[in-house]
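The following exercises concern the architecture of a single chain. Each task is followed by a solution that proceeds step by step.

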Amino acid sequence: DRGWSLEGERELIKQDLQLLFNFISNQAVNSSFKLITASLPAMKGDPNAGSSSPSAIKKMKKPSDVLEEMREYRDADGNVKAECNHCKKTFDGSSKKGTTHLKNHLESCQANPKSKGRTEELKMLASLIKKKSVGGLIEHFSNTERDTTDEDFDHSSDREGDTSDEKRENSDGLDPSVLKSRKDEILQLYQEEKEKLHQFLKNLSCRFSLQLVALVGLFEVPCSLVVHYIDDSWQRQSKIISFWVDDADIAMEYVKESCLSIHGKICSVLVPFQIPPAYDGESWFSRQGSLPFAGCLRNADGLMDYIDGVLRSEDYFRDGIQSLKECAHYVASKSRSDERIQLDGDVQRAICWLNRVPDPWGHLKYFATAVRVKEAFFELGQLDSDFRTINLTEKKWDEVTATLEHLKFLEDVAVGFSSGKCETPIIVDLPYVHKILKDRCNHPVDDCLFCKKVMKGAIDLFFSKYYLIRVIAVILDPRFKMDGVQLHCKEIHGSDADRCLEKVNKDFRDVYDAYAATDTSNSKSYEMLDAMGRPSSPKSELDLYMKELKVPAVEEFDILAWWRGNAPFYPTLARMARDYLALKIPFDHRAAEGAGALVHGGLLCHYFYGEDIPELIRPLVCLKGFLGTAEN
């Protein structure tokens with residue numbers, strides 16, 4: 001008679017129900033008690049539940065799942081009501097009414113994330129986000145808020161490739177806060193797509209290469225994280241999985257956060273800047289998986305940043321710049337006061353360029369400009385004894401020329417690595433560098449300050465990290481195998497070629513053994529026959545691969561198709577190929593440019609709309625990456 005409420009305190013309800021069930025078990029069961037017990041859920045752990053009055057208890061129905069998403073209560077008049085947990089609408093909750101009307105509401109409730117209507121709405125939102133810029137979304141929902149027609153969704157303004165939204169990005173009169181009315185939908189779609197993407201990546205039987213694409217040089221650095229992999233069909237794929245705008249020093253924390261679902265399957269990370277010493281990202285990644293971690297690699301931009309920083313800290317380099325500036329300043333002043341000195345347009349521009357401190361990344365252009373005016377400076381020295389005293393000596397000019405050749409070499413090789421050019425050397429070490437530079441500028445290697453101060457550090461930081469990746473990629477190319485490495489070692493190292501090859505062979509086999517150890521059931525060995533058809537010693541799949549005839553070295557060759565077809569014969573090597581050949585994908589400019597465009601667009605959104613909808617910028621930009629491809 002006291003009535004009960006699902007909103008009452010749990011302990012009091014349990015006590016009331018216990019008393020009620022005990023009473024039922026000892027008294028005659030009348031129709032009113034049957035009604036009560038049939039409508040109440042059985043208590044977990046109650047020894048009497050289900051045991052007393054079998055004829056009544058057996059007929060108890062399991063409470064409808066609908067009630068889990070409704071709040072049942074009595075109003076002021078004592079009527080039973082049911083309130084939707086999602087939209088807070090109220091319905092008749094009496095037992096006579098049943099639950100069909102409640103179920104129908106939940107299926108159509110726009111606030112219910114499981115409803116059919118919500119699903120269709122999220123599909124439409126996903127299509128809008130994929131095709132429109134953030135400015136276009138704001139305009140679209142502004143029109144919706146003004147009760148204007150939404151028919152333009154299926155018309156030409158939403159066609160793939162339409163660029164009108166980009167023009168709207170800077171349109172005046174747009175109110176970004178209109179997206180707040182869609183906040184729940186946007187965040188739900190973001191969470192669902194993020195979970196689907198991470199589950200998909202987690203289920204792939206391969207490892208991944210991560211690429212951090214950033215607009216460096218800003219106080220807050222916008223970044224996107226791209227994952228590269230070879231899918232189960234042996235097709236190269238790229239996917240943008242995260243975006244943020246924050247301090248560069250904590251970028252690796254965002255990387256960790258974004259790849260937690262695949263953190264044990266990361267093969268390499270390509271970054272555009274030096275990882276802060278306080279954060280040992282390489283150690284963190286190498287500890288996550290059982291297979292060798294290829295390393296945190298620096299791209300060409302990161303290498304040039306490093307060189308710029310080292311050069312600016314070296315006295316010999318600063319002294320050379322200062323001497324060139326003094327010469328340029330003297331020539332500029334003299335040309336204005338001495339009619340005998342007439343400078344043509346190219347020389348005037350060169351003098352102007354040399355008369356200032358080189359910009360970051362401007363050292364190559366600075367020294368190239370200096371070398372172009374070298375002969376003009378010598379001619380002026382013949383006419384002007386004062387200039388002859390401040391002009392660089394022949395030895396200093398040789399150092400300038402050597403510095404230029406060093407910088408050109410570093411840029412050429414770095415760009416070659418980043419673009420995947422075929423002529424890029426397999427191994428870049430000091431012997432290789434010395435041989436190339438001797439041919440280019442004939443400078444004395446032993447006395448080269450640039451080699452001592454800059455080149456060795458650049459090799460350790462940049463090229464040495466690519467060493468094993470490039471060696472494995474060449475050996476796993478059935479057109480070359482060990483031949484390409486052998487030719488390189490013999491050409492560069494001469495009599496020490498055997499020592500170099502021994503190291504390469506050992507390093508490759510160490511990686512192979514690590515892969516074989518993680519999946520012994522699939523690693524194969526083959527019983528071999530000699531020339532007489534008699535059994536001989538068995539060979540591992542690696543030995544058999546090395547012994548097998550090479551594929552003709554034609555330029556047009558689908559290496560992934562070859563490995564897809566030969567994976568059953570070389571399962572362990574195929575796993576290595578799938579992981580290490582995927583490392584070529586970060587050098588794909590389409591993916592890099594697509595990720596760069598996303599970073600640029602995200603930066604604009606951050607500044608244009610960040611104050612109005614800060615909590616929606618990252619989900620919206622990430623959804624652009626989730627729903628598209630890295631190239632698009």
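**Exercise 1. Overall composition**

How many helices and how many strands does the chain have? Determine also which share of its residues is buried.

Solution. The model under study is a predicted one. The chain has 26 helices and 10 strands. Of its 632 residues, 45% count as buried. Turning to contacts between residues at least 6 apart in sequence, 67% of them join residues at least 24 apart.

**Exercise 2. The nonpolar cores**

Identify the residues with the most contacts inside the largest nonpolar core, and the helix that gives the most to this core.

Solution. The largest nonpolar core has 100 residues, and Phe-409, Trp-563 and Leu-573 have the most contacts inside it. Helix α19 (residues 449-475) gives the most to this core, namely 17 residues. At least three residues of the core come from each of domain 2 (176-299 + 587-627) and domain 3 (305-463). Another core, of 56 residues, lies apart from it; Leu-189, Val-221, Trp-244 and Leu-620 are among its members.

Next, consider the surroundings of Trp-563. With neighbours within four places in sequence left aside, Trp-563 is in contact with Trp-234, Leu-476, Pro-478, Tyr-545, Tyr-570, Leu-573, Ala-574, Ala-577 and Leu-581.

**Exercise 3. Packing around α19**

Describe how helix α11 (residues 300-313) packs with α19, and then how α19 packs with helix α21 (residues 497-518).

Solution. Two packed helices are described by the angle between their axes and the distance between the axes. For α11 and α19, the angle is about 150 degrees and the axes are 10 Å apart. An angle over 145 degrees counts as roughly antiparallel, and α11 and α19 are therefore roughly antiparallel to each other. The crossing in which α11 passes α19 is right-handed. On the α11 side, the contact includes Leu-303, Ile-307 and Val-310, and on the α19 side it includes Val-454, Gly-457 and Leu-461.

For α19 and α21, the angle is about 85 degrees, with axes 10 Å apart. The range from 65 to 115 degrees counts as roughly perpendicular, so α19 and α21 are roughly perpendicular to each other. Here Tyr-467, Leu-468, Val-471, Ile-472 and Ile-475 of α19 meet Lys-503, Val-504, Asp-507, Phe-508 and Val-511 of α21.

**Exercise 4. Backbone angles in two loops**

Where do Lys-88 and Trp-234 lie, and is each buried or partly exposed?

Solution. Most residues other than glycine have a negative phi. Lys-88, although not a glycine, has a positive phi of about 70 degrees. Lys-88 is placed in the loop between β2 (80-84) and β3. Its relative accessible area is 49%, so Lys-88 is partly exposed.

Trp-234 likewise is not a glycine and has a positive phi, of about 60 degrees. Trp-234 belongs to the loop between β5 (221-230) and β6 (236-246). With a relative accessible area of 9%, Trp-234 is buried.

**Exercise 5. The setting of Glu-405**

Is Glu-405 buried or exposed, and which residues does it touch beyond four places in sequence?

Solution. Glu-405 is found in helix α17 (residues 394-419). The cut-off for buried is under 20% relative accessible area; Glu-405 has 13% and is therefore buried. Beyond residues up to four places away in sequence, Glu-405 touches Leu-437, Arg-440 and Cys-441. The C-alpha atoms of Glu-405 and Cys-441 are 7.0 Å apart, while 36 residues separate the two in sequence.

Key: Residues numbered from 1 in each chain as written. Predicted model: local features only at pLDDT ≥ 70, side-chain atom pairs only at ≥ 80, totals over all residues. Heavy atoms only, no water. Core = buried A, V, L, I, M, F, W, Y, C linked by side-chain atoms within 4.5 Å. Buried < 20%, exposed > 50% of the residue type's maximum accessible area, 1.4 Å probe, protein only. Helix = DSSP H or I, 4+ residues; strand = E, 2+ residues; numbered from the N terminus. Domains from an automatic or database assignment. Contact = heavy atoms within 4.5 Å. Axes fitted to C-alpha atoms, helices over the stretch in contact; angles between N-to-C directions. Parallel < 35°, antiparallel > 145°, perpendicular 65-115°, else oblique. Left-handed = near helix turned anticlockwise from the far one by under 90°.
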